Amino acid sequence: MSKVKITLVKSASKRTPAQRATLSALGLRKTLQTVEKEVNPAISGMIKKVEHLLKVENS
C-alpha cells in the first residue's frame, strides 16, 4: 500500500465539531503538524472532508 504525508496548514479553531473530530482521528492536533498514513478508503474519505485545511503529499 502507498503512504501519504498529511500536514495541517490551517487552524482547526472555528471549524465545525465534525471537522475537528476528523482532524483528531487523523492524528492532527497542531498547525503544521505532519503525520504519515497508509492510504485506504477510510483515510481517503477523511482527507476529502477536510482537504481545505490540509496539504497532502504522496510518499
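Lys-3 stands opposite Glu-38 in strand S2, where strands (E, at least two residues) and helices (H or I, at least four residues) are DSSP runs numbered from the N terminus. The structure is a predicted model, in which local features need pLDDT of at least 70 and side-chain atom pairs count only at pLDDT 80 or more, whereas totals for chains, interfaces and linings use all residues. Residues are numbered from 1 along each chain as its sequence is written, and side-chain values use heavy atoms, with hydrogens and water left out.

Strand S1 (residues 3–8) pairs with S2 (residues 34–38) in the antiparallel sense over five bridges, two strands being taken as paired if DSSP finds at least two bridges between them. Within this pairing, Val-4 has Lys-37 of S2 as its bridge partner. S1 is also joined by five bridges to strand S3 (residues 54–58), again in an antiparallel arrangement, and here Leu-8 stands opposite Leu-54 of S3.

The three strands thus form an open, antiparallel sheet in the order S2-S1-S3. Because S2 and S3 stand at the edges and each has a single partner strand, one side of each is left without a neighbour in the sheet. Neighbouring strands of this sheet are turned against each other by 25° on average, direction ignored; axes are lines fitted to C-alpha atoms, for helices over the stretch in contact (heavy atoms within 4.5 Å), and angles run from 0 to 180 degrees between N-to-C directions. Helix H1 (residues 17–26) lies across S1, S2 and S3 and runs at about 75° to S2.
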